[in-house]
Amino acid sequence: MKHVKEEQKFGSYDSDDVIFLLKDLSDYKLEGPAEQREKNIQSGQHYSESLPIEYQPPDSYMNLFLETLETYKRKVALSTGVVTEQVYMNKGKDVVLVSLARAGTPIGILMKRYLKQKYQLNIPHYSISIIRDRGIDENALHYILKTHPDKEIQFVDGWTGKGAISIELTKSCQQFQAKYGITLDDTLAVIADPGHCTTLYGTREDFLIPSACLNSTVSGLVSRTVLNDHYIGPEDFHGAKYYDELSSADVSNDYISVITAQYEHIFNEAYEKASKIVEQQPDVTFSGMASVKRIQDEFGIDSSHFVKPGVGETTRVLLRRVPWKILVKDQNSPFIRHIKMLAEERGVEMVEYRDMDYTCCGLIKKVEQ
């Protein structure tokens with residue numbers, strides 16, 4: 001099985017929106033029940049070696065997703081515009097957007113569409129894999145650098161939690177420079193940076209980005225990325241599955257259309273907000289880690305890997321892991337309605353906890369081996 005090349009169809013997005021540099025593992029059975037997968041991970045198996053079973057939400061949850069999208073479409077569009085304007089100020093038209101699969105993929109598409117709508121620029125956009133503790137897909141980076149030798153890479157993700165991926169990206173870029181003598185900009189562009197992990201963001205508010213509510217059905221029907229030696233050779237891209245069988249539930253392109261329809265209304269405001277952020281020269285403090293450490297101590301949690309702060313990460317805990325408790329700063333926050341629904345469905349306790357920088361935080365259960 002070879003790399004997914006440009007001419008091959010992978011995922012449900014148009015190839016003009018994004019090219020996935022991922023090895024197609026659709027024919028392999030990689031999913032397992034959450035409880036067993038959690039046991040395997042807590043026994044030492046790396047999370048990237050298997051996949052969670054894709055959560056298929058009931059109609060009530062999908063209706064809430066659509067309602068949420070309607071409510072926050074302008075906020076997402078504006079935050080996207082703010083971060084994209086900064087990228088344009090920093091790098092101009094000689095940029096390649098490289099989103100980190102999979103939460104970064106819809107954001108990269110939204111940024112690409114913004115540049116097209118406002119500046120009539122058709123910027124290349126790829127989606128590649130980065131995995132905590134294992135680094136970025138170097139084969140994919142070499143492919144992009146070879147294909148676009150005169151352009152500068154801009155890495156893109158959805159949001160920050162504790163900053164684990166920001167740290168992993170910096171480490172990967174340092175290793176890439178040491179191995180190949182190629183310097184890459186490790187600044188991560190995100191819509192929301194509640195953890196204060198990057199200088200390139202749309203907002204630092206921990207708000208609900210609607211694409212965080214769903215899995216592959218809002219990310220081009222693409223799974224999480226996989227790095228497992230049984231399937232991935234030294235010359236392969238990292239892998240992923242294309243869930244073509246879920247196409248009837250796919251809202252990936254609808255999501256993009258709803259957000260991009262807002263762009264014409266926010267162009268000026270986005271530029272002004274971006275200019276202010278650039279002027280301020282914001283600090284990267286990873287201040288959210290103080291909240292994580294406090295939670296870890298108070299709840300007697302062995303590892304910070306079991307503490308997942310922020311709306312996006314809390315949602316992921318409920319969709320993919322075995323949750324223990326959900327901490328919420330304000331029970332009445334409009335950003336946690338879907339979290340309440342998921343917690344109720346899974347019988348997970350919600351605890352009010354005000355002493356944190358985030359809207360909410362998911363705690364992973366320690367499972368018996």
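Q: What share of the area that the protein exposes do carbon and sulfur atoms supply?
A: This is a predicted model, in which local features need pLDDT of at least 70, side-chain atom pairs count only at pLDDT 80 or more, and totals for chains, interfaces and linings use all residues. Residues are numbered from 1 along each chain as its sequence is written, and side-chain values use heavy atoms, with hydrogens and water left out. Accessible areas come from the Shrake-Rupley method with a 1.4 Å probe, and for residues only the protein chains shown count as cover. The protein exposes about 15,400 Å², of which carbon and sulfur atoms supply 46%.

Q: How many aromatic pairs does the count come to?
A: Rings of Phe, Tyr and Trp (its six-membered ring) pair if their centres lie within 6.5 Å, and planes under 30 degrees apart count as stacked, over 60 as edge-to-face and the rest as tilted. By this rule, the count comes to 16 aromatic pairs.

Q: Why is the pair of Phe-207 and Phe-335 edge-to-face?
A: The ring centres of Phe-207 and Phe-335 lie 6.2 Å apart. Their planes stand at 65°, so the pair counts as edge-to-face.

Q: Is Phe-207 buried or exposed?
A: Buried means under 20% relative accessible area, exposed over 50%, and partly exposed in between (1.4 Å probe, protein chains only). Phe-207 has 2% relative accessibility and therefore counts as buried.

Q: Which residue has its charged end over the ring of Phe-207?
A: A charge sits over a ring if NZ of Lys or CZ of Arg is within 6 Å of the ring centre and within 35 degrees of the ring normal. At 5.2 Å from the centre of the Phe-207 ring sits the charged end of Lys-75.
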